[in-house]
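Please work through the exercises below with the sequence and the coordinates open beside you. Each task is followed by a solution that goes step by step.

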Amino acid sequence: MNNNLEKLLKSRTAVSVFLVILIVISLQSVVKSTATRISLNIDSNTEEMEESFTAFVSIPNGASAATISNILKNASLVDSAITFEIYIRNEGYADRLRAGNYEIESGLSYESLVNVLLIGPPLKTYEITIVEGLWLKEIIESISIQTGYDYISLVNTLTSGSVTSPYLEDNEYSKFNNWEGLLFPETYRFSVDADGKEIFQTLANQLELVMLSIKNSRNVPDWVNNEYDMFIVASLVETEALLDEDRPLVSSVIRNRIEDGMPLQIDATILYSLGERKTQVLLKDLQVESEYNTYQNKGLPPTPISNFGRESLEAVFDNLETSFIYYLLTNKNGDMTFTDDYNEFLNLKSKAKEEGVIP
């Protein structure tokens, strides 16, 4: 009897130990699984919290501290509009934050966010390039293409009187052709909100600056009446010479023809009169009725016939003295030959045609 009881107790003890072990193992599995899920949730929440973004916000002119704070709160850049408003008021920034369009990274401290708003949005700019030798209408067409501004609106802006030039009298700005040659060719950088007035005024101012810089080291030639006449000559030089080294020589030919009472006979003035770009001037073209026709009229045309670069203007200031009264393109590379002998000129012209240099 006692032996049987002892065996039963030992059997129950073994079962109890086994059950305890099984329970412990089960609990460990549950705890481990729960811990894993908690860990995953924490990691997931951490990733969500650390995920950054860029907010696009627009601060209007005259916006109050409360308005700015609400804008930032709606963009999820601050956690509390009231807290941020209190912060900028206490720090004395309420009236110093700048209006504009911003791209702001998330996660910035209040201090860093305020620094962004104190500096203001980055100035976005673009470039406009105006090349040499363009007619005024071509300049405006180029500006229209590069900016998207309407051509007619640009013309109206230029002739409205809002754009000024020291080379025009008060009542001369309204005539379109009077602006010919007064907008300097160069590459300019403008802010994205620059309007036609700002663009034109910048181009007009640049011509004045270039002129003043050249005058600081050179004398105005005595064979031109005034600075405006220099612009006219420079425009003729620009259209006739392809190479910089030939520009002073072309200017000397213009000077000699004027002083000798000869018509300038410059084909570029015929093309300007026709308002047409083409490679060859025909005999019938020389009959065009225009004050710009330098085959029919002696002296300079009434205005420049294009814009011109600094090199062409400097060529007039060079005031080179020569006896040349003829020039001709004699090389496809742009080289010109100059002479004071008409027969030599005719021979050069015949040879240039044979070689295909000129039509």
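The exercises that follow deal with nonpolar cores and with two residues in helices.

This is a predicted model, in which local features need pLDDT of at least 70 and side-chain atom pairs count only at pLDDT 80 or more, while totals for chains, interfaces and linings use all residues. Residues are numbered from 1 along each chain as its sequence is written, and side-chain values use heavy atoms, with hydrogens and water left out.

**Exercise 1.** Describe the largest nonpolar core and the surroundings of L183.

Solution. Start from the term: a nonpolar core is a set of buried Ala, Val, Leu, Ile, Met, Phe, Trp, Tyr and Cys residues joined through side-chain atoms within 4.5 Å, where buried means under 20% relative accessible area with a 1.4 Å probe, protein chains only. The largest such core has 60 residues, and those with the most contacts inside it are W179, L183, F231, I254 and L313. Next, setting aside neighbours within four places in sequence, L183 is in contact (heavy atoms within 4.5 Å) with L136, I139, L158, F200, L203, A204 and N307. Finally, a second, separate core of 21 residues includes A63, I68, L77 and A94.

**Exercise 2.** Determine whether S235 is buried or exposed, and list what S235 touches.

Solution. First locate S235 in helix α8, residues 227-240, helices being DSSP runs of H or I with at least four residues, numbered from the N terminus. The relative accessible area of S235 is 0%, so S235 is buried. Beyond residues up to four places away in sequence, S235 touches P304, I305, S306 and F308.

**Exercise 3.** Place E138 relative to S306.

Solution. E138 lies in helix α5, residues 136-147, and counts as buried because its relative accessibility is 17%. E138 and S306 are 168 residues apart in sequence, yet their C-alpha atoms are 9.4 Å apart in space.

Conventions
Buried < 20%, exposed > 50% of the residue type's maximum accessible area, 1.4 Å probe, protein only. Helix = DSSP H or I, 4+ residues; strand = E, 2+ residues; numbered from the N terminus.
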